[in-house]
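Biologist: Hey, can you walk me through the charged pairs and the surface on this one? I'm new to it.

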Amino acid sequence: MTSLRFTAVLSIFCCFLAFGNTAEVGPRMLPIDKSNSSNWAHCGPKNDLVIKNLNFPNTIYVPGSITVSLLGELKVPIEAPLRIEVQVKKRAVWFWMKVPCLFKYGSCTYRNICEKLNKVFPGNSCPSRIVSYGGSCRCPIKPGVLNVPPTTFHIPKVRLPSFLAGGTYKVQIKAISGKKEIVCFQTTVSMKLK
């Protein structure tokens, strides 16, 4: 059950993250300037979510907490099957090393997100905070305004191999609904162990 909860929390978190830190201006995407926020860039052909505001820290402490907020507009429905592809690379001395998927951390593909959300939030058990802002814990997620108020996620203490403990990481996140890529974003973040 812990693994299922982690996957569901990561799925929701990745959905928030995957919707980027950009605002659409003509044919180019420009980063939103936030002093404590990570800078994001598109890596996909099209953005089906227009972001007006995203706050996400550029340094993550493990264990610790992060607070994320998002305001944007989803242009297309998100339907099952939904998968999230995360690619993580760690800065080594002269190159970027791909971090393998170990125990559902690292460069992993998370499949059947809709089904996992249904197991974690059965029936109408979606947190009231998400529902009050027009959100949903079930697929399909309808097009419309997405407003995620500042939401804090706890990051537990995780046992990592020493070569992965702390450092600078490039993260690329793709959300794919059916066969359609909804979004692809990438960023660089620092991770520090406490």
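Modeller: Sure, one term to start: buried means under 20% relative accessible area, exposed means over 50%, and partly exposed is in between, with a 1.4 Å probe and protein chains only. This is a predicted model, where local features need pLDDT of at least 70 and side-chain atom pairs count only at pLDDT 80 or more, while totals for chains, interfaces and linings use all residues. Residues are numbered from 1 along each chain as its sequence is written, and side-chain values use heavy atoms, leaving out hydrogens and water.

Biologist: Okay, how many salt bridges are there?

Modeller: The count is 2, taking a salt bridge as a side-chain nitrogen of Lys or Arg within 4 Å of a carboxyl oxygen of Asp or Glu. One joins D48 and K180 at 3.4 Å, N to O.

Biologist: Which parts does that pair tie together?

Modeller: D48 lies in the loop between β3 (40-42) and β4 (49-55) and K180 is in strand β12 (residues 180-193), so the bridge links parts 132 residues apart in sequence. Strands here are DSSP runs of E, at least two residues, numbered from the N terminus.

Biologist: Is D48 buried or exposed?

Modeller: Buried, at 1% relative accessible area. K180 is partly exposed at 37%.

Biologist: And what does R83 pair with?

Modeller: E85, at 2.9 Å, N to O. R83 is partly exposed at 26%, and E85 is partly exposed at 24%.

Biologist: Switching topic: where is W94?

Modeller: In the loop between β7 (82-91) and β8 (96-98). W94 is exposed, at 81% relative accessibility.

How values were computed. Helices (H or I, at least four residues) and strands (E, at least two) are DSSP runs, numbered from the N terminus.
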